[in-house]
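This report goes through the structure shown below, feature by feature. Two unusual backbone spots come first, then the sheets, then the ligand site.

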Amino acid sequence: MNVLVCISKVPDTTSKIQFTDGNSKFDENGVTWIMNPTDEWYALVRGVEIKEAAGGKVTVINVGDSSNDQIIRKALAIGADAAVRIDANPTDAYFVAGQIAEYAKDKNFDIIITGKETIDYNSGVVASMIAEFLDLPHVSVAEKLELNGNSATITREIEGGSEEVSLETPFVLGANKGLAEQRIPNMRGIMMARKKPIDVIPAYDSVNALTATVQYEPPKPREAVKLVGSAQELVDLLHNEAKAI
Amino acid sequence: MSVLVYIELDGGKIKKSSMEATAYAAAYAKSAGSSVTALALGLADSAELASLGEYGASKVLHLNNAQLDKFDAQVVTKLIADAVAAEGASVVVMSHNYAGKHISGRLSARINAGMVAGANGLPDTTNGFVVKKGCFSGKGFGYFNITSDKKILSIAPNSFTVEKVGGTASVEAFSAEVPANKITVNKQDKMEGGIPLTEAELVVSAGRGLKGPENWGMVEDMAGILGAATACSRPVSDIGWRPHHEHVGQTGIAIAPNLYIAIGISGAIQHLAGVNQSKTIVVINKDPEAPFFKAADYGIVGDAFEVIPQLNEALKNHKANN
Ligand SMILES: Cc1cc2nc3c(=O)[nH]c(=O)nc-3n(C[C@H](O)[C@H](O)[C@H](O)COP(=O)(O)OP(=O)(O)OC[C@H]3O[C@@H](n4cnc5c(N)ncnc54)[C@H](O)[C@@H]3O)c2cc1C
């Protein structure tokens with residue numbers, strides 16, 4: 001199996017999110033960067049498992065500048081064999097997916113895996129865009145994948161439950177919890193990752209972003225909590241004041 | 001130049017999220033001096049489809065084909081693209097629910113339309129086409145200008161107030177070539193009764209403070225009384241006390257109901273990320289220092305095992321009298 005795993009760099013889940021320059025920019029000051037959790041825990045590890053079971057190769061791909069090499073190295077330490085970085089600013093999902101699709105289109109990947117959603121822009125559409133660019137089927141919010149030769153059975157999340165589907169490779173997968181268990185890179189993996197190359201390529205001119213960031217806004221602060229003494233009092237407030245029930 | 005809205009059907013019925021999308025499309029269309037065409041794919045009767053008029057659609061294109069009841073996003077995308085071309089639509093609206101997440105991105109790639117996924121509020125067209133959406137997992141909002149001619153807005157569920165405008169829509173058959181599905185749906189495993197979390201206006205959620213799955217009866221009772229969906233914190237679904245699809249938070253589902261009641265949940269930053277867009281938050285926790293109180297509107301400091309039965313009683317009485 002020839003597997004491509006798409007990874008993204010995001011602020012750590014505990015980061016304080018702030019904006020600068022009149023709320024026009026995300027403030028990177030003091031932010032710790034991590035590999036997007038669903039990319040790392042589920043997409044990457046499931047990709048590595050596929051290779052371990054069926055043989056083949058796992059390539060990770062990222063769109064971004066050289067400051068992303070740290071998360072790429074981590075992906076190599078977890079078990080990817082090769083890495084590609086498209087050296088460009090990941091402006092929007094369309095741009096990122098389009099760049100990855102341009103790279104992938106003549107490489108015969110059997111399975112392309114992304115996390116279900118990044119925790120910075122929360123759009124969850126990169127997998128589906130890559131699939132459409134490459135005219136492949138895709139299944140997102142996948143929580144289970146069984147492979148039998150080129151046939152896959154996938155369980156995906158739907159409203160209030162799950163759905164089991166089957167399809168043939170090649171396809172694109174958006175990975176969610178359940179698909180794999182998080183792996184912590186070990187010393188050997190970290191040492192080996194140092195020797196693995198990161199292939200840095202320029203952006204494809206044929207793909208351009210279709211949106212531009214105008215402005216950010218912090219969430220409105222909530223008023224201080226009203227602590228109440230009894231259940232009845234709470235019900236009255238929810239009915240009369242909050243009008244929530 | 002109509003606005004096209006994609007309608008999701010479930011057993012011949014229009015999903016609530018699609019009514020919301022229609023109302024949103026109608027509000028935008030009104031400001032743009034345009035009209036709304038809805039596209040419904042699959043089995044449904046005309047009366048059901050015509051009811052989209054109540055939400056502001058003037059016309060419904062219907063492709064009545066049983067194959068479409070088995071969801072394959074690639075096929076649906078192709079058909080929406082056909083409808084966009086047939087109608088000369090420049091803006092496509094749908095819900096950013098599971099189906100919307102599958103389709104909207106594909107459609108963007110297919111028709112080269114810029115998109116805002118999880119739009120929260122109507123576009124501002126005074127200077128471009130600027131749409132707000134939540135980002136950084138509930139820790140901020142961003143405003144994005146869509147610069148392409150065609151535009152896609154998948155709207156965050158429960159973010160738009162639906163007002164019925166009254167009226168019926170004309171229903172027309174839509175004909176287009178339907179390619180074969182590449183994905184076979186084998187089976188669905190859906191909760192019986194109850195309200196799916198992603199569509200719920202009221203949510204009752206509980207965490208590790210409840211000690212074990214056997215104690216969820218009182219949580220389900222509360223959900224039953226309120227007509228609410230149930231949710232849980234991540235560790236609770238990790239240990240298998242509750243199903244994965246109830247896990248809310250940064251790495252679970254992000255929700256924005258009118259009311260979120262959190263019982264025995266500490267309020268870790270990753271949990272808050274998925275729920276802090278809720279309109280009203282109630283926290284019940286025995287620890288007065290629990291961080292969740294800082295993010296709450298109302299709170300009761302107390303033992304869930306005492307407070308919840310009392311609250312259920314009070315809610316039952318309230319429901320009986322209102
Ligand atoms: C990268 C990352 C991503 C994460 N993503 C998520 C996510 O998406 N969603 C999520 O929920 N978590 C997530 N977490 C985990 C998160 O950090 C917390 O560990 C988790 O939310 C805690 O769950 P909890 O509140 O149920 O349990 P605890 O933190 O154990 O809190 C239990 C609470 O119950 C209270 N309690 C105990 N007994 C009673 C009683 N009898 N009556 C009333 N109250 C009682 C306690 O005072 C305490 O506040 C993530 C963590 C990481 C590192």
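## Backbone exceptions

In this predicted model, Asn108(A) sits in the loop that connects α3 (93-104) and β8 (111-115) of chain A. Its phi is near 55 degrees, a positive value in a residue other than glycine. Most residues other than glycine have a negative phi, and most peptide bonds are trans.

A second exception concerns the peptide bond between Thr169(A) and Pro170(A), which is cis, with omega at about 0 degrees. Pro170(A) belongs to the loop between β11 and β12 (171-175) of chain A.

## The ten-stranded sheet

One open sheet has ten strands and mixed pairing, in the order β13(A)-β7(A)-β6(A)-β1(A)-β8(A)-β12(A)-β9(A)-β10(A)-β11(A)-β12(B). The edges are β13 (198-202) of chain A and β12 (184-190) of chain B; each has a single partner strand, so one side of each is left without a neighbour in the sheet. From one strand to the next, the twist averages 30 degrees. Strands of a sheet pair through backbone hydrogen bonds, either parallel or antiparallel.

At the β13(A) edge, strand β7 (residues 82-87) of chain A runs parallel to β13(A), and five bridges join the two. Within this pair, Ala83(A) is opposite Ile198(A) of β13(A). Helix α2 (residues 69-78) of chain A lies across β6 (57-63), β7 and β13 of chain A, and runs at about 160 degrees to β7(A).

## Hairpin and chain crossing

Further along the ten-stranded sheet, strand β10 (residues 151-158) of chain A pairs with strand β11 (residues 161-168) of chain A in the antiparallel sense, over eight bridges. Thr153(A) is set opposite Ser166(A) of β11(A). The two strands β10(A) and β11(A) make a hairpin with two residues between them. Gly160(A), in the turn, has a positive phi of about 65 degrees.

Which strand of chain B pairs with β11(A)? The partner is β12(B), and the pairing is antiparallel over six bridges. In β12(B), Asp189(B) is the residue opposite Ser162(A).

## The six-stranded sheet

The model also has an open sheet of six strands with parallel pairing, ordered β15(A)-β17(B)-β16(B)-β15(B)-β13(B)-β14(B). Its edge strands are β15 (226-227) of chain A and β14 (229-232) of chain B, each pairing on one side only. Strand β13 (residues 202-206) of chain B runs parallel to β14(B), and four bridges join them. Thr230(B) in β14(B) is the bridge partner of Val204(B).

Helix α5 (residues 217-226) of chain B packs on this sheet and touches β13, β14 and β15 (259-263) of chain B. The direction of α5(B) makes about 175 degrees with that of β13(B). Helix α8(B) packs on the sheet as well, touching β15, β16 (280-285) and β17 (298-301) of chain B. The direction of α8(B) makes about 135 degrees with that of β16(B).

## The ligand site

Why is the ligand site shared between chains? Residues from both chain A and chain B surround the ligand, so the site belongs to the two together. There are 28 residues around the ligand, and those that come nearest are Ser233(B), Thr251(B), Ser266(B), Gln270(B) and Asn285(B). By class, the shell comprises seven nonpolar, 15 polar and six charged residues. Three helices of chain B, α6 (234-238), α7 (269-275) and α8 (304-321), each supply at least two residues of this shell.

Polar contacts involve both backbone and side-chain atoms. A polar side-chain atom of His271(B) is 2.8 Å from an oxygen atom of the ligand. For Gly264(B), a polar backbone atom is 3.1 Å from an oxygen atom of the ligand. A backbone N or O atom of Gly209(B) lies 3.4 Å from a nitrogen atom of the ligand. On its own, the ligand has 990 Å² of accessible area, and the protein covers 81% of that.

Technical notes
Residues are numbered from 1 along each chain as its sequence is written. Chains are lettered from A and ligands numbered from 1 in the order in which they are written. This is a predicted model: local features need pLDDT of at least 70, side-chain atom pairs count only at pLDDT 80 or more; totals for chains, interfaces and linings use all residues. Side-chain values use heavy atoms; hydrogens and water are left out. A residue is near a molecule or strand if one of its heavy atoms lies within 4 Å of it. A polar contact is a pair of N or O atoms within 3.5 Å; within protein, one must be able to donate a hydrogen and the other to accept it, and residues adjacent in sequence count only if both atoms are side-chain atoms. Accessible areas come from the Shrake-Rupley method with a 1.4 Å probe; for residues, only the protein chains shown count as cover. Ala, Val, Leu, Ile, Met, Phe, Trp, Tyr, Cys and Pro count as nonpolar, Asp, Glu, Lys and Arg as charged, and the others, Gly among them, as polar. Two strands pair if DSSP finds at least two bridges between them. Axes are lines fitted to C-alpha atoms, for helices over the stretch in contact, and angles run from 0 to 180 degrees between N-to-C directions. Contact means heavy atoms within 4.5 Å.
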